[in-house]
Amino acid sequence: MIDWRKKNPDCRRAMFKVHCASRRCERRVPYAADRPYEPRDTRVKPAPLTCPDTPPFTRQSTPGRARAPVSRICNNTSMSTRPLPDASAPTGDSAAADGVRIQRIREQFPAINSTQTALLDNAGGSQAPRAVADAIRDYMLNTYVQLGADYDVSVQSTQTVQRAHDFVRLLMNGDGIGEVALGASSSSLLRTLGDCYADALPAGSRIIVAEWGHESNIGPWVRHDGKAFEVVWWRVSRETGMPRLEELRELVKVGAAVVAFPHASNLFGDLFDVAAATKIAHGAGARVVVDGVAFAPHRAIDVRALDVDWYVYSTYKVYGPHMGAMFGKKEAFAEITGPNHFFIPREAASYKFELGGVSHEGCAGLLGLWRHLCFLAGEDAAGPWRRQTIELAFERMQEIEAPLQARLIEYLSSRNDVRIIGPASADPAERVSTISFVHKAKPSREIAQGANRAGHGIRFGHFYAWRLCEALGLQPEDGVVRVSLVHYNTMDEVERLIGFLDSAL
Ligand SMILES: Cc1ncc(COP(=O)(O)O)c(C=O)c1O
């Protein structure tokens with residue numbers, strides 16, 4: 001095959017334009033066809049932007065520095081121009097200071113304040129802060145043009161989309177080791193990944209799939225069972241409700257091409273030791289595909305530390321637009337052929353995977369998340385993106401969530417007519433604030449619907465962890481009652497829910 005980039009970098013672009021013209025195609029050349037992503041260490045940095053919200057990588061931020069007013073001159077990366085107040089607590093750690101801090105955080109989420117219902121169903125989808133919504137709005141009103149052309153607005157739009165990939169890669173701590181593909185959802189990204197491996201692997205390759213997870217990292221493998229793959233189940237322990245590493249050690253002895261499992265259970269919030277499981281899988285030469293959707297709203301993802309090959313999360317559950325994001329190591333991307341058209345070069349890792357491109361305004365929204373994270377970290381959003389800021393922001397979220405989950409678990413554990421599903425630890429090292437339970441007599445449906453009528457936004461069901469419900473002896477349609485808390489929830493909301501449960505159960 002001819003590598004036309006080596007021969008003449010302009011040639012590919014010219015060919016693509018001809019192709020479009022011959023079909024009267026109005027779409028411009030997508031960004032990555034003209035400007036494929038390159039490994040970070042060799043990438044030409046985008047030109048510094050005039051908007052202090054969209055910092056070039058080279059500038060240093062000053063933690064805790066007073067926030068500079070954001071000027072209106074920049075609309076090129078669709079960032080909000082409104083300065084954010086600092087979310088860090090006022091001096092002292094009194095309850096009053098906590099209250100002020102939470103209030104400031106809640107002000108960033110207009111939707112919370114536009115309903116009487118307490119939004120306690122965040123594992124289904126989080127609210128978006130103003131910074132994200134404003135960025136989407138600004139993009140659509142100012143730079144909503146096709147990518148890849150040389151006129152100024154198109155260059156800006158192209159940068160927005162490329163920088164969104166760069167930002168999400170940093171958010172996952174994947175700089176230098178891999179790339180990020182964006183898509184409509186985690187389910188669609190994982191489904192495509194499964195199909196790509198079905199094409200790439202020899203027929204009958206062993207795929208180990210954890211029963212513990214959401215169907216989106218199960219179905220894409222199981223659908224090829226008996227054809228491209230031989231699926232081997234990694235069962236949950238009936239006693240603990242968790243998969244066991246010892247069992248994985250046994251399973252990989254016979255060999256495995258891929259091991260697919262979640263980072264945290266979306267049903268009961270428990271964290272799994274991904275690094276240990278990855279080490280076992282790699283020892284057998286397998287690739288690891290991790291569903292991080294239930295983990296990502298609560299902790300900073302760190303694909304480098306986990307050493308995973310693939311890691312997927314849903315951006316709409318992490319205070320962003322309705323999209324999915326998938327990190328893949330360079331060598332993992334290199335071994336599959338993505339679904340995009342034949343003339344998109346294989347080395348364009350992300351774009352090879354992004355059939356038809358991605359939501360441009362969604363990319364602008366993803367960039368807006370940086371402002372919210374800086375707000376939580378008490379840092380200046382005008383500074384350059386920093387991994388430490390991201391980690392600090394998620395630490396702040398964890399600090400807020402820990403007492404909420406502790407209180408709810410304490411209450412549920414105190415009742416002898418309620419069973420918490422999964423291990424009942426309140427330790428943030430072991431779980432995130434997604435908590436499910438069943439009542440010994442009342443159906444989950446009745447409890448959740450009663451709570452909804454009383455203004456508590458919770459849910460019931462299997463939450464697409466159908467197989468896990470069955471494995472735990474639960475009837476999937478009625479499933480569990482799930483309460484999922486994030487950093488904008490309050491102790492008052494938890495206490496009111498407890499009050500309801502006290503009267504209803
Ligand atoms: C753990 C987990 N994985 C995957 C998904 C699917 O995500 P998406 O809606 O982006 O396809 C969900 C959605 O709820 C989830 O909770």
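## A walk through a predicted chain

Let's start in a loop: tyrosine 464 sits between β12 and α18. Keep in mind throughout that this is a predicted model. Tyrosine 464 counts as partly exposed because 18 other C-beta atoms lie within 10 Å, and being buried takes 20 or more. Its phi is near 65°, a positive value in a residue other than glycine.

Right beside it comes phenylalanine 463, in the loop that runs between β12 (459-461) and α18 (466-471). Here phi is near 50°, again positive in a residue other than glycine. What catches the eye is that most residues other than glycine have a negative phi. Is phenylalanine 463 buried or exposed? It is buried, because it has 25 C-beta neighbours inside 10 Å.

Now for the wider view. The chain has 505 residues, and 50% of them count as buried. It holds 19 helices and 13 strands. Take the contacts with a separation of 6 or more: 70% of them join residues 24 or more positions apart.

Leucine 120 gives a good example of such a long reach. You'll find it in the loop between β1 (118-119) and α6 (130-142). Which residue lies 369 positions away in sequence but 7.5 Å away in space, C-alpha to C-alpha? That is asparagine 489. Leaving aside neighbours within four places in sequence, leucine 120 also touches a run of others, including His456, Gly457, Ile458, Val483, Ser484 and Leu485. Glu493 and Leu497 are among its contacts too. Leucine 120 is buried, because 25 other C-beta atoms lie within 10 Å of it.

On to the helices. Two of them can be set side by side:

| Helix | Residues | Number of residues | Span, first to last C-alpha | Expected span |
|---|---|---|---|---|
| α8 | 186-200 | 15 residues | 21 Å | 21 Å |
| α15 | 360-377 | 18 residues | 27 Å | 26 Å |

In both α8 and α15, the span is close to the expected one. Within α8, the buried residues are Ser186, Ser187, Leu189, Leu190, Thr192, Leu193, Gly194 and Tyr197.

How many residues of α15 are buried? The count is 18 of the 18, so α15 is largely enclosed by the rest of the structure. Just after α15 comes glycine 378, whose phi is positive, near 70°.

One partner of α15 is helix α16 (residues 387-413): the two axes come within 8 Å and cross at roughly 65°. The crossing is left-handed. On the α15 side, Leu373, Cys374, Leu376 and Ala377 make the contact. They meet Thr389, Ile390, Leu392, Ala393, Arg396 and Met397 from α16. Sorted by class, this contact has eight nonpolar residues, one polar and one charged.

Finally, there is a ligand to look at. It is surrounded by 13 residues, and the closest are Ser185, Ser187, Asn266, Val293 and Ser314. Ser187 has already turned up as one of the buried residues of α8. What kinds of residue make up the shell around the ligand? They divide into eight polar, four nonpolar and one charged.

Definitions and conventions. Residues numbered from 1 in each chain as written. Predicted model: local features only at pLDDT ≥ 70, side-chain atom pairs only at ≥ 80, totals over all residues. Helix = DSSP H or I, 4+ residues; strand = E, 2+ residues; numbered from the N terminus. Expected span 1.5 Å × (residues − 1). Buried ≥ 20, exposed ≤ 12 C-beta atoms within 10 Å, placed from the backbone. Near = placed C-beta within 6 Å. Nonpolar A, V, L, I, M, F, W, Y, C, P; charged D, E, K, R; others polar. Axes fitted to C-alpha atoms, helices over the stretch in contact; angles between N-to-C directions. Left-handed = near helix turned anticlockwise from the far one by under 90°. Contact = placed C-beta atoms within 7 Å.
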